[in-house]
Amino acid sequence: MSVYTPVSAAELAAFLSDYPVGECVGFAGIQAGIENSNFFVSTTTGEYVLTLFEQHRPDALHYFLALLQHWAAAGIPVPAPLANRHGEVLGTLNAKPAALVARLPGTHPQQTTPAQCAAIGAMLARMHLAARDFPLHRASDRDHRWRMQMAHTVLPQLDAADAELLRAEIAFQQTIAFAELPQGTIHADLFRDNVLFDAEKLSGVLDVYFACNDCLLYDLAVVVNDWCCQADGSLDETRLQACVSHYQALRPWEPQEQQAWPALLRTAALRFWLSRLYEQHNPRPGELTLQKNPLEFRQKLQHRIAAMTPEAVHVNARRLLCPLPVIRVQQAIENLPAGTCVTAVCTDPGALHDIPAWARIHGHCVLETRTEGREYTIVLQTGGQP
């Protein structure tokens with residue numbers, strides 16, 4: 001992941017002297033992710049990954065390392081931590097807790113295939129089932145309460161369109177009965193850059209440092225939102241079905257999960273939009289820091305919202321002058337249920353201001369405005385604001 005705490009060759013050699021891994025012959029910082037400092041380490045006995053934990057307390061780290069050992073014992077291809085000469089899997093380097101694990105073979109998938117999506121769906125189900133007898137419990141640090149608190153933290157830093165979308169989603173998220181959904185130990189961050197494939201075989205599941213007890217279905221939603229998307233953030237049906245069906249073949253959904261699935265896809269998109277927004281506005285210093293673009297998950301959230309809304313309504317307001325475009329939209333929206341997507345196409349440039357202004361006054365959410373030649377498109381969601 002990003003390197004926030006640099007390590008010198010002498011410091012690394014002193015750390016490795018406590019492990020039965022031979023002499024260090026090379027190391028390099030890993031520029032990916034945003035949470036911890038990670039390094040590839042080569043020694044005379046093999047290849048390893050060193051992690052310096054930047055935020056977690058020792059009790060949480062013992063949970064993560066125990067979970068890695070538990071999953072490894074169940075046949076899940078995770079990098080189990082190495083014990084040092086004192087029998088401890090958690091050491092200290094540059095005043096930071098640190099762990100050393102074997103480097104697993106393979107590379108991260110870039111453009112995922114249906115076969116890869118099927119493999120990760122089945123693997124996630126195996127992980128959920130294998131963790132049923134894991135004795136430790138850890139509350140999520142990115143749960144509903146965190147998401148609501150983070151939303152209110154970033155709201156003052158957003159432009160009007162982002163703030164409007166976020167306020168609407170805050171209101172929707174309050175309607176989800178998370179506690180009624182099946183719970184268990186989840187990975188919570190199983191993106192493509194946390195999975196390895198060696199040829200066609202899934203060879204590694206990495207980075208369990210968001211693992212916790214939470215909704216099992218939320219874990220699958222995180223996977224789908226990264227693995228099964230088109231470039232614009234919409235879901236690819238073939239990859240989606242491959243992932244979900246192979247998960248369900250091992251752990252069938254409960255009826256309440258089937259009903260909650262579209263909402264959980266929104267929850268997962270919101271979580272990563274929020275964390276990326278916060279990192280963008282509050283960057284942390286580091287030697288090799290990587291910030292991910294919030295726009296990716298904003299687009300995914302918009303697509304998940306649109307998938308849940310009633311059938312879209314299109315309003316043709318071409319060749320109408322102010323105030324007629326607003327009146328035409330008002331007439332079209334009358335008596336529509338909340339959450340309906342309304343797209344208005346106008347030729348009066350004033351409509352780009354007038355329709356959004358009217359919509360906000362009347363509690364509707366402006367999802368998008370765009371200009372294409374001499375036509376102006378405004379996309380609304382009815383009843384969008386709390």
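**Entry 1: strand S8 and its partner**

I began with strand S8, residues 201-205, and found it mostly covered. Four of its five residues are buried. I noted at once that this is a predicted model.

Next I asked which strand pairs with S8. Strand S7, residues 195-198, does so in the antiparallel sense, over four bridges. I picked out one residue pair: Leu196 has Gly204 in S8 as its bridge partner. I then looked at the link between the strands. S7 and S8 form a hairpin, with two residues between them. Ala199 sits in that turn and has a positive phi of about 60 degrees.

**Entry 2: the five-stranded sheet**

I moved on to a sheet of five strands. In what order do the strands lie? I read the order as S1-S2-S3-S5-S4, in an open sheet with antiparallel pairing. The edge strands are S1 (24-29) and S4 (91-93), and each pairs on one side only. From one strand to the next, the twist averages 35 degrees. I kept a general point beside this: strands of a sheet pair through backbone hydrogen bonds, either parallel or antiparallel.

I then followed the edge strand S4 to its partner. S4 and strand S5 (residues 96-102) run antiparallel and are joined by three bridges. Thr92 has Pro97 in S5 as its bridge partner.

**Entry 3: Ala102**

I stayed on strand S5, where Ala102 lies. Is Ala102 buried or exposed? Neither label fits: Ala102 is partly exposed, because its relative accessible area is 31%, which falls between the 20% limit for buried and the 50% limit for exposed.

I listed its contacts, leaving aside neighbours within four places in sequence. Ala102 touches Glu47, Tyr48, Pro79, Ala80 and Leu82. I also checked a far residue, Asn316. Ala102 and Asn316 are 214 residues apart in sequence, and their C-alpha atoms are 61 Å apart in space.

**Entry 4: the whole protein**

I finished with the overall figures. The protein has 11 helices and 13 strands. Its C-alpha trace spans about 80 × 45 × 35 Å along the principal axes. Of the 386 residues, 53% are buried. The protein exposes about 17100 Å², and carbon and sulfur atoms supply 53% of that area.

I looked at how contacts relate to sequence. Among contacts between residues at least 6 apart in sequence, 72% join residues at least 24 apart.

Last came the charges. I noted 29 positive and 39 negative side chains. The centres of the two sets lie 3 Å apart.

Note on methods: Residues numbered from 1 in each chain as written. Predicted model: local features only at pLDDT ≥ 70, side-chain atom pairs only at ≥ 80, totals over all residues. Heavy atoms only, no water. Pairing = 2+ DSSP bridges. Axes fitted to C-alpha atoms, helices over the stretch in contact; angles between N-to-C directions. Buried < 20%, exposed > 50% of the residue type's maximum accessible area, 1.4 Å probe, protein only. Contact = heavy atoms within 4.5 Å. Areas by Shrake-Rupley, 256 points an atom, 1.4 Å probe, with all protein chains shown as cover. Lys, Arg positive; Asp, Glu negative; His and termini not counted. Charge placed at Lys NZ, Arg CZ, Asp CG, Glu CD.
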